[in-house]
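Here is a friendly walk through one protein model, from single residues up to the way its helices meet. Keep the structure open beside the text as you read.

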Amino acid sequence: MEQEKKSSIAARMGFMGVFAVSCVLFGSHAGGGFATGNQATQYYVGAGWLSPLMAILAMGLLSLTIRECMVMYNSRGLKSYKELFETLYHPLDKLEWVFEIYFYIMVICAVGAVIAGAASLFEAVGVLPYAAAVVVVGAILLVLTIFGAKLVSQASTVMSVLILICCAVIFLMGIGAKMPDISSIFTVKENPQGFLKPILNAFTYAGFQAVVIPTMIACGKPLKNSRNASRAMLWAFVINSIALVLSVIMLLGWYADFTAAGQSTLPSLFICKALGKPYLYWFYNISLFLCFISTGVTTVFGFVSRFETMKGLSRIKNITARRAVISCFIMVLSMGVSMVGLDRIIKYGYGYCGYLGIILIIIPFLTVGVYKNRKYLKEHPEYRGMSAAEVRASKRANLSIADAMTGDEI
């Protein structure tokens, strides 16, 4: 009876609770890589008129995958992403370690991309040469990770809102400025890459974005049933698709301009400057840098938290010193990765992690995960978001079917 009461309460979860979870995915996706326009340029723009459709496909794959993750995690009362992947891969539980490897590589690439992006920004505005900027940004991230991670984490929402406001203005103004070119692309139906490569790129994009799964299942704990998980991911799909499609359409119109100018690393910055709005240009610069710092600090701090309790580091009694050692290690690796440049990190680092994500996460959750979740929910209807009366009726129906099958066997 108590379980049925909880199920009934969960089924009536308010819109704001569901919407808040969908916004977490939006904030995780719309970071520095999204705001620079680099990711969208590399994974979508080459597909011509198919680009917006592929962006929608990628967001659909990601949203559906995370929905299955949250249903599996919450319905079984799991405690960590390790348990989640052990449940997915069971009886091959040890495969979970492959996800661990994917996750760590992806984190190093993500921090490397943050440093590379911020350093490219410094170089673009003429503040510092790239190599010197890498050192400065790495030092800033290191200090903030050790001493100011909590402050930056609390301010990350404000930073994200600022960069998203900037992006929305730039997207709409950029599309308006290139409307004839954009219309021509869709009228002629330009498609330089055919069909298979754009589809593979959409899967790859969803594959490396799936690194947010540990964050999403932690934030999705209030979604106690499959109905609320579906609602949250539907909203996440809509919001992310609109933002990504607007970005792709704008970049399609400006592609010839920023590639001819050699500005494919930070195309949104080039477009912002070309629009001739100095206040918008500098506001975007500041917001983008803050977004890079916020993403970098929270990512590194999450990595530090994962390893600060290791037995091998227990000899370092001071927790701040222990975190400093781990942060230095991660920062050295990330700074080394950043030296190859933002373009190569997103193309190769994100790309290969994306392929791994397709095999390890997207396909398994959308096949085996769907099967296991449906089977579990059929046996435990209280997790489907049904009312108490509906749960009792479902259980009676299942018992009747079981009795009938027993009778047939006799």
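Lysine 189 is partly exposed, because its relative accessible area is 47%. In this predicted model, lysine 189 sits in the loop that links helix 10 (179-188) to helix 11. Its backbone deserves a look as well: phi is positive, at about 60 degrees, although lysine 189 is not a glycine.

Another backbone feature turns up in the loop between helix 6 (81-89) and helix 7, where proline 91 is found. Histidine 90 and proline 91 are joined by a cis peptide bond, with omega at about 15 degrees.

**Two buried residues**

Just past the loop of lysine 189 comes helix 11 (residues 196-209), which holds asparagine 201. Is asparagine 201 buried or exposed? Its relative accessible area is 8%, so asparagine 201 counts as buried. Setting aside residues up to four places away in sequence, asparagine 201 touches Gln42, Tyr43 and Gln193.

Leucine 266 offers a loop example, lying between helix 13 (226-260) and helix 14 (267-274). With a relative accessible area of 4%, leucine 266 is buried too. Which residues does leucine 266 contact, leaving aside neighbours within four places in sequence? They are Thr36, Gly117, Ser120, Leu121, Ala124 and Leu342. For leucine 121, the separation along the chain is 145 residues, yet its C-alpha atom and that of leucine 266 are separated by 7.7 Å.

**The whole chain**

Stepping back, the protein has 18 helices and 0 strands. Of its 410 residues, 51% are buried. Among contacts with a separation of 6 or more, 81% are between residues 24 or more positions apart.

**How helices meet**

Three helix pairs can be set side by side.

| Helix pair | Angle between axes | Axis distance | Handedness of crossing |
|---|---|---|---|
| Helix 2 and helix 5 | about 130 degrees | 13 Å apart | right-handed |
| Helix 7 and helix 8 | roughly 130 degrees | within 8 Å | right-handed |
| Helix 8 and helix 15 | roughly 55 degrees | within 9 Å | right-handed |

Take helix 2 (residues 15-29) and helix 5 (residues 51-75), which pack at an angle of about 130 degrees. That angle is why helix 2 and helix 5 are oblique to each other. Helix 2 brings Val21, Leu25 and His29 to the contact, while helix 5 brings Met59, Leu62, Ser63, Ile66 and Met70. By class, the contact of helix 2 with helix 5 has 6 nonpolar and 2 polar residues, and no charged ones.

Helix 7 and helix 8 cross at roughly 130 degrees, and are therefore oblique as well. On the helix 7 side, the contact is made by Val114, Ile115, Ala116, Ala118, Ala119, Ser120, Phe122 and Glu123; on the helix 8 side, by Tyr130, Ala133, Val134, Val137, Gly138 and Leu141. What classes do the residues of the contact of helix 7 with helix 8 divide into? There are 11 nonpolar, 2 polar and 1 charged.

Helix 8 also crosses helix 15, at roughly 55 degrees, and that makes helix 8 oblique to helix 15. Here Ile140, Leu141, Leu144 and Thr145 of helix 8 meet Phe289, Ile293, Gly296, Val297, Val300, Phe301 and Val304 of helix 15. The contact of helix 8 with helix 15 has 9 nonpolar, 2 polar and no charged residues.

**Helix 8 and helix 16 on their own**

Helix 8 has 18 residues, and at 1.5 Å a residue they should span 26 Å; the end C-alpha atoms are 26 Å apart, so the two values agree. Its buried residues are Tyr130, Ala133, Val134, Val137, Gly138, Leu141, Thr145 and Ile146.

The check also works for helix 16 (residues 319-338): its 20 residues should span 28 Å at 1.5 Å a residue, and its end C-alpha atoms are 28 Å apart, which agrees. Buried in helix 16 are Arg322, Ala324, Ile326, Ser327, Ile330, Met331, Ser334 and Ser338. What covers the buried residues of helix 16? The cover includes helix 7 (96-124), helix 8 (130-147), helix 15 (278-307) and helix 17 (342-379).

Note on methods
Residues are numbered from 1 along each chain as its sequence is written. This is a predicted model: local features need pLDDT of at least 70, side-chain atom pairs count only at pLDDT 80 or more; totals for chains, interfaces and linings use all residues. Side-chain values use heavy atoms; hydrogens and water are left out. Axes are lines fitted to C-alpha atoms, for helices over the stretch in contact, and angles run from 0 to 180 degrees between N-to-C directions. Helices (H or I, at least four residues) and strands (E, at least two) are DSSP runs, numbered from the N terminus. Angles under 35 degrees count as roughly parallel, over 145 as roughly antiparallel, 65 to 115 as roughly perpendicular and the rest as oblique. A crossing is left-handed if the near helix is turned anticlockwise from the far one by less than a right angle, and right-handed if clockwise. Contact means heavy atoms within 4.5 Å. Ala, Val, Leu, Ile, Met, Phe, Trp, Tyr, Cys and Pro count as nonpolar, Asp, Glu, Lys and Arg as charged, and the others, Gly among them, as polar. The expected span of a helix is 1.5 Å times one less than its number of residues. Buried means under 20% relative accessible area, exposed over 50%, partly exposed in between (1.4 Å probe, protein chains only).
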